[in-house]
Amino acid sequence: MDTIQSLRVFREIVVAGSFAAAAQRLDMSAPMVSKHLANLEKQLGTRLLHRSSRRLSLTELGQTYFDYCLQALDTLERGQQALSGSGHQPQGALRVTAPVWFANRKVAQLLHDYQTRFPEVTLDMSLSNHKVDLVAEGFDLALRVMREPAPHQIARLICPMPFHLVASPAFVTQHGMPRNCAEVMRLPAISPSYLQQPSFELLGPDGPESLRLNPFMRSDNTNLTYYSALGGAGLAYLPQWLVMDDLNSGRLVRLLPDYTEERQQLHAVYASRRYLTPKVRSFIDFLLEELAEPAK
């Protein structure tokens, strides 16, 4: 069998997370996918994947070989692009995982603008507040908000992502406008259940203060939190992209406007630095072009 094709099949099995998904992506039968993997394992004399009825995972030697496999295929594909005189156009399905609150007007416009520029790419957006395993679940890219990526993560900084303490005008009328973090912590809040005892650092007129919300309700869905705050049920700590229209219209009020929130940043996270397909690269570059802060 063609060893290079076997390497491509091995890569797709790991990225897609299953033999069936790899077969679909390669337009190949599942038995043929299995044969290609068996061909590699026979040549190497070792098992590359742990197989179970529920999932696949790389063996320790399989992980090492997978890293080299990506480097080799990336080098070959770059060589083919160089000889052809131009790189491949971004195309195919781009699977992206992002927080639930990405279901907002600004993000919808960004996605529309991207697909207008790259019509051959089909965006497959999965919104969840729980971090997924990119390789195991077959995602090309994750968009995550954090202060700094973990040392093991491969991440590209996209832009700052401000969060604001907000409440409805009716809530403020009923409870009064808080003047500091201590007063905020006495008010009912809607808190994210996917964070354990969330606390936030704010910089106030008298210096830094720690804020821990006093939840009367927890939710793993940011949009439910948003609508609850909008309806006057409690205050919430929400991303600017989700609440900016409501703050401008007065449907929500920003609490502690003289305080500066801790700096959160939007990052693009991907599985391998050496295996960036044209569709992934085009999406990251597009976000940087549209969202990155101008150099000062």
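In this predicted model, helices α5 and α11 are oblique to each other, because their packing angle of about 125 degrees falls in neither the parallel, the antiparallel nor the perpendicular range, the last of which runs from 65 to 115 degrees, while antiparallel begins over 145. Helix α5 spans residues 105-117 and helix α11 spans residues 278-291, and their axes lie 11 Å apart. The crossing of α5 past α11 is right-handed. On the α5 side, the contact is formed by Lys106, Leu110, Leu111, Asp113, Tyr114 and Arg117. The α11 side contributes Lys279, Ser282, Phe283, Phe286, Glu289, Glu290 and Leu291. By residue class, this contact of α5 with α11 comprises six nonpolar, one polar and six charged residues.

The largest nonpolar core of the model contains 58 residues. Within this core, the residues with the most contacts are Leu141, Leu143, Ile158, Leu165, Leu235, Trp241 and Phe283. Helix α11 is the element that gives the most to the core, with seven residues. Phe283 thus appears both among the core residues with the most contacts and in the contact of α11 with α5. A second core, separate from the first, has 21 residues, including Ile13, Ala23, Met28 and Cys69.

The surroundings of Leu143 were examined with neighbours within four places in sequence left aside. Leu143 is then in contact with Val96, Thr97, Ala98, Pro99 and Phe102, among others. Its contacts also include Leu266, His267 and Ala268, together with Phe283 and Leu287.

A further helix pair is formed by α9, residues 222-230, and α10, the latter covering residues 240-249. The axes of α9 and α10 come within 11 Å and cross at roughly 20 degrees. Since angles under 35 degrees count as roughly parallel, α9 and α10 are assigned to that class. The crossing of α9 past α10 is right-handed. Thr222, Asn223, Tyr226 and Leu230 of α9 meet Leu242, Val243 and Asp246 of α10. The contact of α9 with α10 divides into four nonpolar residues, two polar and one charged.

Within α10, the buried residues include Trp241, Leu242, Val243 and Asp246. Leu242, Val243 and Asp246 also take part in the contact with α9, whereas Trp241 is listed among the residues with the most contacts inside the largest nonpolar core. Gln240, also in α10, is partly exposed, because its relative accessibility of 27% lies between the limits for buried and exposed, which are under 20% and over 50%. With neighbours within four places in sequence excluded, Gln240 is in contact with Pro162, Phe163 and His164. Gln240 and Leu287 are 47 residues apart along the chain, and their C-alpha atoms are separated by 17 Å. Helix α10 is followed by Gly250, which has a positive phi near 90 degrees.

Asp258 is located in the loop between strands β13 (253-254) and β14 (260-261). Its relative accessibility is 63%, so Asp258 counts as exposed. Residues up to four places away in sequence not being counted, Asp258 touches Leu203 and Pro205. The C-alpha atoms of Asp258 and Met161 are 18 Å apart in space, with the two positions 97 residues apart in sequence numbering.

Definitions and conventions
Residues numbered from 1 in each chain as written. Predicted model: local features only at pLDDT ≥ 70, side-chain atom pairs only at ≥ 80, totals over all residues. Heavy atoms only, no water. Axes fitted to C-alpha atoms, helices over the stretch in contact; angles between N-to-C directions. Helix = DSSP H or I, 4+ residues; strand = E, 2+ residues; numbered from the N terminus. Left-handed = near helix turned anticlockwise from the far one by under 90°. Contact = heavy atoms within 4.5 Å. Nonpolar A, V, L, I, M, F, W, Y, C, P; charged D, E, K, R; others polar. Core = buried A, V, L, I, M, F, W, Y, C linked by side-chain atoms within 4.5 Å. Buried < 20%, exposed > 50% of the residue type's maximum accessible area, 1.4 Å probe, protein only.
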